[in-house]
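The exercises below ask for careful reading of a structure, and each task is followed by a solution worked step by step.

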Amino acid sequence: MTEPPGDRELWLRAANGDRDAFGELFERHAEAVWNHAYRLTGSWATAEDLASNTFLTAWRKCGEMVLVSESALPWLYTVAGNLARTESRRLLRFRRAVDRLPDPGVVRDHADGVAEQVDGDRRVREVLAAVDRLPKGERQAVQLCLLGELSFSDAASALGIAESSVRARIFRARAKLRAVLPEGASR
């Protein structure tokens, strides 16, 4: 039985217009990219949008890009991270605009089921906020390795640093996160 083609080969085929090859890349990595986007944003809907836009960007750029590692995941994670930061800035501008609106007065009560979802989202946002307060290098390592589940080697390749530097950044970041997160929030 022949071994399935690697990401690099699929990428090259997609760059030459092979839609099936790109579809295979999508099937291979869509869930991982969505999970990464969710971990970055704490929102199911936003993660859906970011995952879709990540692959749209990949399709548009596959002819211009050459993968430097065998896996497309580090590049896809980088694109998703950039899109997440753009979305975060957009939401911040939107929240500031909403805050300037007058208070609507009475607010409707929501169902108990929504409260559980909100509590879970709050815990995810606490963790993400703590990660956002880390120094840039540690934050990037955490986003790629702990949140994005990349290997230290792939993260080092994506960041352009030594694998030992990634490990050191993760070690320091974990210590800082344990110190600031409430019990159970980082699980």
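**Exercise 1.** Which residues make the nonpolar surface patch of about 290 Å²?

Solution. In this predicted model, the patch is made by F94, V98 and L101. As a next step, one can place F94 along the chain, where F94 lies in helix α4, which covers residues 73-99.

**Exercise 2.** Describe the largest nonpolar core, beginning with its residues and then turning to the elements that supply them.

Solution. This core has 25 residues, and those with the most contacts inside it are W11, V33, F55, A58, A72, W75 and L76. The elements that give two or more residues to the core are α1 (7-15), α2 (19-41), α3 (44-61) and α4, and the largest share, 9 residues, comes from α2. Taking V33 as an example, and leaving aside residues up to four places away in sequence, the contacts of V33 are with A51, T54, F55, L76, Y77 and A80. A second core, separate from the one just described, has 20 residues, including L73, V142, L147 and I170. In soluble globular proteins, nonpolar side chains tend to be buried together.

**Exercise 3.** Decide whether C62 is buried or exposed, do likewise for C145, and then state how many disulfides are counted.

Solution. The cut-off needed here is that buried means under 20% relative accessible area. C62 counts as buried because its relative accessibility is 4%, and C145 also counts as buried because its relative accessibility is 8%. For the last step, the count of disulfides comes to 0, where the rule asks for a pair of cysteine sulfur atoms within 2.5 Å.

Definitions and conventions. Residues are numbered from 1 along each chain as its sequence is written. This is a predicted model: local features need pLDDT of at least 70, side-chain atom pairs count only at pLDDT 80 or more; totals for chains, interfaces and linings use all residues. Side-chain values use heavy atoms; hydrogens and water are left out. Patches are made of residues with over 30% relative accessible area and no salt bridge: like charges are joined within 9 Å, nonpolar side chains (Val, Leu, Ile, Met, Phe, Trp, Tyr) within 5 Å. Accessible areas come from the Shrake-Rupley method with a 1.4 Å probe; for residues, only the protein chains shown count as cover. A salt bridge is a side-chain nitrogen of Lys or Arg within 4 Å of a carboxyl oxygen of Asp or Glu. Helices (H or I, at least four residues) and strands (E, at least two) are DSSP runs, numbered from the N terminus. A nonpolar core is a set of buried Ala, Val, Leu, Ile, Met, Phe, Trp, Tyr and Cys residues joined through side-chain atoms within 4.5 Å. Buried means under 20% relative accessible area, exposed over 50%, partly exposed in between (1.4 Å probe, protein chains only). Contact means heavy atoms within 4.5 Å.
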